[in-house]
Each structure stands twice: as structure tokens, then as C-alpha cells.
Amino acid sequence: MPNLNPAGKREDSRVPRHIAIILDGNGRWAKKRGLPRTAGHAVGAETFRKIATYCKDIGVQYLTVYAFSTENWRRPQEEVSTIMKLLGNYLQEAIDTMEKEHIRLKIFGDTAALSPELRAMVERTEELSRHYEGIQANICLNYGGRDEILHAARRYARDYAEGKTDGELTEEGFASYLYSAGIPDPDLLIRPGGEVRISNFLLWQCAYAEFYFTDVLWPDFTPEELDKAIAVFSARDRRYGGVK
Ligand code: IPE
Ligand code: IPE
Ligand code: MG
């Protein structure tokens with residue numbers, strides 16, 4: 001168990017401020033049990049709730065999760081539509097959890113491609129979040145790192161053409177056009193599920209993130225697994241290109 005102080009916060013100052021997780025392995029989890037892949041997505045949604053609450057308890061300030069990529073539309077139509085249906089429940093549960101736990105919620109991604117019902121939930125979620133302080137969970141839906149950068153570049157070009165910017169484009173200025181505007185970069189990126197790749201996640205923001213890969217499938221991921229990842233992270237020496 002982590003070392004908690006009376007306020008329930010971990011005493012160790014090395015808890016990452018921002019953790020990003022690629023929620024991978026749902027399909028294989030279900031397959032191993034002879035269940036349809038979609039059953040894995042349902043259990044994976046439960047795991048998200050547990051881990052978000054745990055992150056709040058240990059003092060993580062931002063949690064960004066990859067739930068559906070711009071490439072995931074390539075899956076069989078049946079799986080996509082079940083995932084979309086689950087995302088509706090998932091968002092509703094996230095809204096309920098958020099209200100109970102006071103977790104702020106934000107959606108990263110091109111929401112224009114989502115159904116009007118999902119879009120309405122996204123809006124409601126963001127509206128509710130304004131009233132809370134404390135941990136912020138960002139859920140990436142129809143999200144792609146390249147798509148995000150393109151989307152930002154298009155918005156910047158529009159502002160430039162309309163004379164709304166002075167043309168002095170800095171890294172900081174460009175980052176303010178990304179979905180993650182105003183949020184510090186992830187310190188720790190976790191990928192469960194055994195794959196060792198980034199799959200188009202937070203390409204700009206992960207420039208100096210520490211990566212942690214594990215074979216544990218996302219539906220089996222537990223607070224203890226997160227503690228392991230944080231312990232590995234704590235032992236890393238972050239140099240940002242400098243010397244120490
Ligand atoms: C991650 O689990 C969830 C989504 C991409 C929607 P997968 O569905 O990719 O599970 P595996 O990788 O096939 O096990
Ligand atoms: C990455 O997982 C996307 C999400 C978890 C939402 P994938 O399962 O789609 O990634 P690949 O296809 O193995 O690279
Ligand atoms: Mg996968």
C-alpha cells in the first residue's frame with residue numbers, strides 16, 4: 001500500500017502530475033475468456049472508473065486516457081457500434097462518478113464525427129466540470145495525435161488570416177491550439193496490453209514523457225499495477241536533454 005497522509009494523499013512528492021494511459025487489451029481479455037470482444041470494453045470502462053478514483057486519492061492532477069482512436073473506425077462495424085453505445089454509458093457513468101468524486105472531465109478529439117447524443121453528453125460533461133477543482137480526467141475519443149496537430153494548424157492558419165495572431169508562432173503558442181491547451185504535458189505514459197508502440201497518442205505532448213509498458217491487459221489493471229508504474233517512474237532520471 002502507498003504511504004498515505006491523513007488527507008488520503010500520498011506523501012511522496014514523486015507522484016506524477018499528469019499520467020496518460022492507452023487503454024489497450026480489452027479485446028484479448030475477452031477472447032481469453034471465450035467472451036465477445038465487446039465484453040472486454042465493458043470491463044475496461046469499470047477499470048477506468050477505479051483507476052481515475054485511485055489517481056484522485058493519491059494526488060495525480062491530470063489523467064488522460066485513450067479510449068477510441070481516429071483509426072479505430074477501421075474495425076468491424078458491429079464492434080464500432082457497440083463501442084459507441086458503450087461510450088454513451090461510459091460517459092454517463094463518468095458524469096455520475098465525476099459528480100460524486102468531483103473529478104473534472106474533458107474530451108479530447110474530433111467530436112464532430114460522434115452521434116448527436118454523444119456530442120450532447122460531451123457538452124454537458126464539460127459544462128459540469130467548470131464547477132470542480134482538483135483532478136481532471138481527459139478522455140480521448142475519436143482522437144489521433146496527427147489529427148490533433150492538423151486541427152491545431154488549421155485553426156492557427158484561420159486566426160492568422162483573420163489577423164488574430166501576430167505571426168510569431170512559438171511552441172507555447174501552438175500548444176494553445178491543441179486539445180490539451182493549458183494542461184501540462186504527461187510525465188508518465190502507461191501502455192498496458194503488451195504492445196510497445198504509441199499508436200498515434202499525444203504525439204506532441206509526449207516529447208519528454210517517461211514510457212511504461214506492461215503485459216497486463218487493461219481490464220486486469222489495478223491500483224497496485226499503477227503503483228508499480230509510479231515506482232519505476234520515480235526511479236527514472238529525467239534530463240530533458242541536459243546533464244545531471
Ligand atoms: C482497446 O482495446 C480499446 C479500443 C481500442 C477501443 P482493444 O479493443 O484494442 O483490445 P485488443 O488490443 O484487441 O486486445
Ligand atoms: C490504441 O489501441 C487505441 C486505443 C486504446 C483507444 P489499438 O488497439 O487501436 O492500437 P494498435 O492497433 O494495436 O496499434
Ligand atoms: Mg488494441
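Tutor: A polar contact is a pair of N or O atoms within 3.5 Å. The model before us is predicted, and ligand 1 offers a suitable case for that definition.

Student: Which backbone atoms lie at 3.5 Å, 3.2 Å and 2.9 Å from an oxygen atom of ligand 1?

Tutor: Three residues in succession supply them. An oxygen atom of ligand 1 is 3.5 Å from a polar backbone atom of Gly-25, one is 3.2 Å from such an atom of Asn-26, and one is 2.9 Å from that of Gly-27. On its own, ligand 1 has 380 Å² of accessible area, of which the protein covers 88%. The surrounding residues also include Leu-23, Asp-24, Arg-28, Arg-37, His-41 and Ile-83.

Student: His-41 is in that list. Is His-41 buried or exposed?

Tutor: Relative accessibility decides the matter, and values under 20% count as buried. His-41 has 14%, so it is buried. The residue belongs to helix H2, which spans residues 37-58. Beyond its neighbours within four places in sequence, His-41 is in contact with Asn-26, Arg-75, Glu-79, Ile-83 and Leu-86.

Student: How should the second ligand be read?

Tutor: In the same manner, but through side chains. An oxygen atom of ligand 2 is 3.2 Å from a side-chain N or O atom of Asp-24, and a polar side-chain atom of Arg-191 lies 3.3 Å from an oxygen atom of the ligand. For Ser-199, the corresponding side-chain distance is 2.6 Å. Taken alone, ligand 2 exposes 390 Å², and the protein buries 78% of that. Among the residues around ligand 2 are Leu-23, Asp-24, Ala-67, Asn-72 and Arg-75; these residues also appear around ligand 1.

Student: What should one look for in the protein interior?

Tutor: In soluble globular proteins, nonpolar side chains tend to be buried together. Here the largest nonpolar core has 46 residues, and Ile-19, Ile-21, Phe-48, Leu-63, Ile-190 and Leu-226 have the most contacts inside it. Helix H3, residues 77-101, gives the most to this core, with nine residues. Another core, of 14 residues, lies apart from it and includes Tyr-62, Phe-108, Tyr-179 and Cys-206.

Student: Which residues does Phe-48 touch?

Tutor: Not counting residues up to four places away in sequence, Phe-48 touches Leu-63, Val-65, Tyr-90, Ala-137, Ile-139 and Trp-218.

Student: What are the surroundings of Asn-138?

Tutor: Asn-138 lies in strand E4, residues 136-143, and is buried at a relative accessible area of 0%. Its side chain makes polar contacts with the side chains of Thr-64, at 3.0 Å, and Gln-136, at 2.8 Å. Outside the four nearest places in sequence, the contacts of Asn-138 also include Leu-63, Val-65, Lys-106, Phe-108 and Ile-183.

Student: How are aromatic rings read, and why is the pair of Phe-211 and Phe-213 classed as it is?

Tutor: Planes over 60 degrees apart count as edge-to-face. The rings of Phe-211 and Phe-213 have centres 6.0 Å apart and planes at 70°, so the pair is edge-to-face. Phe-211 is partly exposed, with a relative accessible area of 29%, and Phe-213 is partly exposed at 31%. The whole structure holds 12 aromatic pairs. Ring pairs also link Tyr-66, Phe-108, Tyr-143, Tyr-179 and Phe-201 into a cluster.

Conventions
Residues are numbered from 1 along each chain as its sequence is written. Chains are lettered from A and ligands numbered from 1 in the order in which they are written. This is a predicted model: local features need pLDDT of at least 70, side-chain atom pairs count only at pLDDT 80 or more; totals for chains, interfaces and linings use all residues. Side-chain values use heavy atoms; hydrogens and water are left out. A nonpolar core is a set of buried Ala, Val, Leu, Ile, Met, Phe, Trp, Tyr and Cys residues joined through side-chain atoms within 4.5 Å. Buried means under 20% relative accessible area, exposed over 50%, partly exposed in between (1.4 Å probe, protein chains only). Helices (H or I, at least four residues) and strands (E, at least two) are DSSP runs, numbered from the N terminus. Contact means heavy atoms within 4.5 Å. A residue is near a molecule or strand if one of its heavy atoms lies within 4 Å of it. A polar contact is a pair of N or O atoms within 3.5 Å; within protein, one must be able to donate a hydrogen and the other to accept it, and residues adjacent in sequence count only if both atoms are side-chain atoms. Accessible areas come from the Shrake-Rupley method with a 1.4 Å probe; for residues, only the protein chains shown count as cover. Rings of Phe, Tyr and Trp (its six-membered ring) pair if their centres lie within 6.5 Å; planes under 30 degrees apart count as stacked, over 60 as edge-to-face and the rest as tilted.
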